[in-house]
Amino acid sequence: DSIIQNRSDSRSKRLNIGISQIVFDGGKSLYQYEEKKLSALYEYQNYLLLEKTFKEQVSKCFNEVYVQQKILEIKDDLLDKALLQLQIIETEVNIGITLETDYLEYLVNLKKLQNERKQLYFELKKKERELKNLMGLDKNIPIYILEQKEIFYDFFEIEPYADILFNLVKSDN
């Protein structure tokens, strides 16, 4: 500051503040607000729909894997029993009770059964890959679907005694 001593103050100070308030813009800002609100609601509903379809896809794929595992288990049991039956037919052919053509026919049917089992196994692996891909899991992670058994609890029914219990609680409170 170059202020000269013993003279009057010649500096001036000025402070300006400006405020503008839109009183009416023809409804433009209200329209933009409503438009953005509807757009956000639409996007939210679209998200909920996508989430629902994703859950349905995962559930469907999970059920397919589960059903395929059960079919494969049944086919494995059938194959085990067929192998036992093959041993029985082999001993019957050796003894002479059954014809060798019957044995060969049964052997062909057994090979068909083994081929069906192999196809079911490949189908199961394909469905497991689809489930892993859908859920974003690593391909090397094994999937185990365990059956959940229904648990029964032994409860004491208090509903028939509700009036008596209510009166007791009310009198003690």
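**Close-ups of helices α1 and α2**

**View 1. Lys70 and Glu73 pair along α1.** Lys70 is partly exposed, at a relative accessible area of 25%. The model shown here is predicted. Glu73 is also partly exposed, and its relative accessible area is 42%. Both values fall between the 20% and 50% cut-offs, so neither residue counts as buried or exposed. The two side chains form a salt bridge, with an N to O distance of 3.4 Å. Both residues belong to helix α1. They sit 3 residues apart, about one turn of the helix. Side chains of opposite charge can pair when their charged atoms come close.

**View 2. Helix α1 packs against helix α2.** Helix α1 covers residues 28–95, and helix α2 covers residues 100–135. Two packed helices are described by the angle between their axes and the distance between the axes. Here the axes come within 8 Å. They cross at roughly 160°. An angle over 145 degrees counts as roughly antiparallel, and α1 and α2 are therefore roughly antiparallel to each other. The crossing of α1 past α2 is left-handed. Sorted by class, the residues in this contact are 25 nonpolar, 5 polar and 11 charged.

**View 3. A salt bridge joins Lys75 and Glu116.** The closest N and O atoms of this pair are 2.8 Å apart. Lys75 belongs to helix α1 and Glu116 to helix α2, so the bridge ties together parts that are 41 residues apart in sequence. Lys75 is buried, with a relative accessible area of 16%. Its partner Glu116 is partly exposed, at 39%. The burial cut-off is 20%, so Lys75 falls under it and Glu116 does not.

**View 4. Lys127 and Glu123 meet within α2.** Their side chains form a salt bridge of 3.7 Å, N to O. Both residues lie in helix α2. The spacing is 4 residues, about one turn of the helix. Lys127 has 15% relative accessibility and counts as buried. Glu123 has 30% and counts as partly exposed. Shared partners link salt bridges into one network of Lys60, Glu64, Glu123 and Lys127. In total, the structure holds 8 salt bridges.

**View 5. Glu128 is a buried residue of α2.** Its relative accessibility is 7%. That is under the 20% cut-off, so Glu128 counts as buried. Leaving out residues up to four places away in sequence, Glu128 touches Val65, Gln69 and Ile143. Two of these contacts, Val65 and Gln69, fall in the residue range of helix α1. Pro142 is 14 residues from Glu128 along the chain. The C-alpha atoms of Glu128 and Pro142 are separated by 8.8 Å.

Note on methods. Residues are numbered from 1 along each chain as its sequence is written. This is a predicted model: local features need pLDDT of at least 70, side-chain atom pairs count only at pLDDT 80 or more; totals for chains, interfaces and linings use all residues. Side-chain values use heavy atoms; hydrogens and water are left out. Axes are lines fitted to C-alpha atoms, for helices over the stretch in contact, and angles run from 0 to 180 degrees between N-to-C directions. Helices (H or I, at least four residues) and strands (E, at least two) are DSSP runs, numbered from the N terminus. Angles under 35 degrees count as roughly parallel, over 145 as roughly antiparallel, 65 to 115 as roughly perpendicular and the rest as oblique. A crossing is left-handed if the near helix is turned anticlockwise from the far one by less than a right angle, and right-handed if clockwise. Ala, Val, Leu, Ile, Met, Phe, Trp, Tyr, Cys and Pro count as nonpolar, Asp, Glu, Lys and Arg as charged, and the others, Gly among them, as polar. A salt bridge is a side-chain nitrogen of Lys or Arg within 4 Å of a carboxyl oxygen of Asp or Glu. Buried means under 20% relative accessible area, exposed over 50%, partly exposed in between (1.4 Å probe, protein chains only). Contact means heavy atoms within 4.5 Å.
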